[in-house]
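Me: I have a model here and would like to go through its cysteines and charged pairs with you. Could you set each value against its cut-off as we go?

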Amino acid sequence: CFIRPSCMAAPRHRPALSAGLCRYASSARMPSSPGARLAAAVPGHGKLDPIVNQATQLGVCELIPLLTARPVVKVSAAQRRKQQARLFQIAVEAGKQSAAALLPRIHPITPWADFLPQIKASKLSLIATVQGPHEPVEEILSEGSDLAPLVMVGPEGDWTQQEIEEATGVGARRFSLGAYVLRCDTACVAAVSVVSFLLNKVISAQAQIDPRFREDDTSKRSG
């Protein structure tokens, strides 16, 4: 089975995989890059299902739901654990639909303050903001510092100024999703799509120089 344990939810919350799932995974196409890691604010309605579904189809390797300053969403620790297992099942179904060889690791809902160390530990972290200043995301990714960047998408109404300052203070780089203000789930699709497309361009360029990056060399990545 090509689904790697490192790309799943933590073992204590990971549902058992069926033989059918392993069959679908073994025939799926391996990605050319590890995929982005998506950290998305929990929407005001609290429903993460469409974000997990669409992010899985787009090939993210991790998904971290965030509790941000706005909107105010109250979720107990027990609810977080229960929702984590349910969201993984949604990822499984989305993976079958899109023939994804790897499923994302679904993290429990994480408070913003607890998430900041992950930004600091990342080689490359990108935060989508409505207000500038912004850096051209293509130029950032062309540096080739990380082929699995951490991509952060905020809630409706954008991040608070404090959250932006805290993120950039530990290394996050700001980028724009365009002139329009998007819903959280739409913004997640836009951010991951843009980053994935540009990452593939970077990999294609690197493959001209280093054969280790060639897309057809999947046997070494199948695990």
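Me: Why is Cys-61 called buried in this predicted model?
Reply: Its relative accessible area is 12%. Buried means under 20%, so Cys-61 falls in that class.

Me: And what makes Cys-184 count as buried?
Reply: The same cut-off of under 20% applies, and Cys-184 has 1% relative accessibility, so it counts as buried.

Me: Why is Cys-184 in no disulfide?
Reply: The nearest cysteine sulfur, that of Cys-188, is 4.4 Å away. A disulfide needs the two sulfur atoms within 2.5 Å, so this pair does not qualify.

Me: How many disulfides does that rule give in total?
Reply: The count is zero.

Me: Let's turn to the charged side chains. How many salt bridges are there?
Reply: The count is seven.

Me: What makes Arg-86 and Asp-49 a salt bridge?
Reply: Their closest N and O atoms are 2.9 Å apart. The cut-off is within 4 Å, so the pair meets it.

Me: How do you know that this pair links distant parts of the chain?
Reply: Arg-86 sits in helix 3 (residues 77-98) and Asp-49 in helix 2 (residues 49-57), with their positions 37 residues apart in numbering.

Me: Why are Arg-86 and Asp-49 called partly exposed?
Reply: Arg-86 has 37% relative accessibility and Asp-49 has 28%. Partly exposed lies between the buried limit of under 20% and the exposed limit of over 50%, so both residues belong there.

Me: What about Lys-96 and Glu-93: why are they about one helical turn apart?
Reply: Because they are three residues apart in helix 3. Their closest N and O atoms are 3.6 Å apart, and the limit is within 4 Å, so they form a salt bridge.

Me: Are Lys-96 and Glu-93 buried or exposed, or in between?
Reply: In between: Lys-96 has 37% and Glu-93 has 46%, so both are partly exposed.

Me: Which classes do the partners Asp-185 and Arg-183 fall into?
Reply: Asp-185, at 17%, is under the 20% cut-off and so counts as buried. Arg-183, at 47%, is partly exposed. Their side chains meet in a salt bridge at 3.6 Å, N to O.

Me: Which residues are linked in a network of salt bridges?
Reply: Glu-135, Glu-143 and Arg-173 are linked in this way.

Note on methods
Residues numbered from 1 in each chain as written. Predicted model: local features only at pLDDT ≥ 70, side-chain atom pairs only at ≥ 80, totals over all residues. Heavy atoms only, no water. Buried < 20%, exposed > 50% of the residue type's maximum accessible area, 1.4 Å probe, protein only. Helix = DSSP H or I, 4+ residues; strand = E, 2+ residues; numbered from the N terminus.
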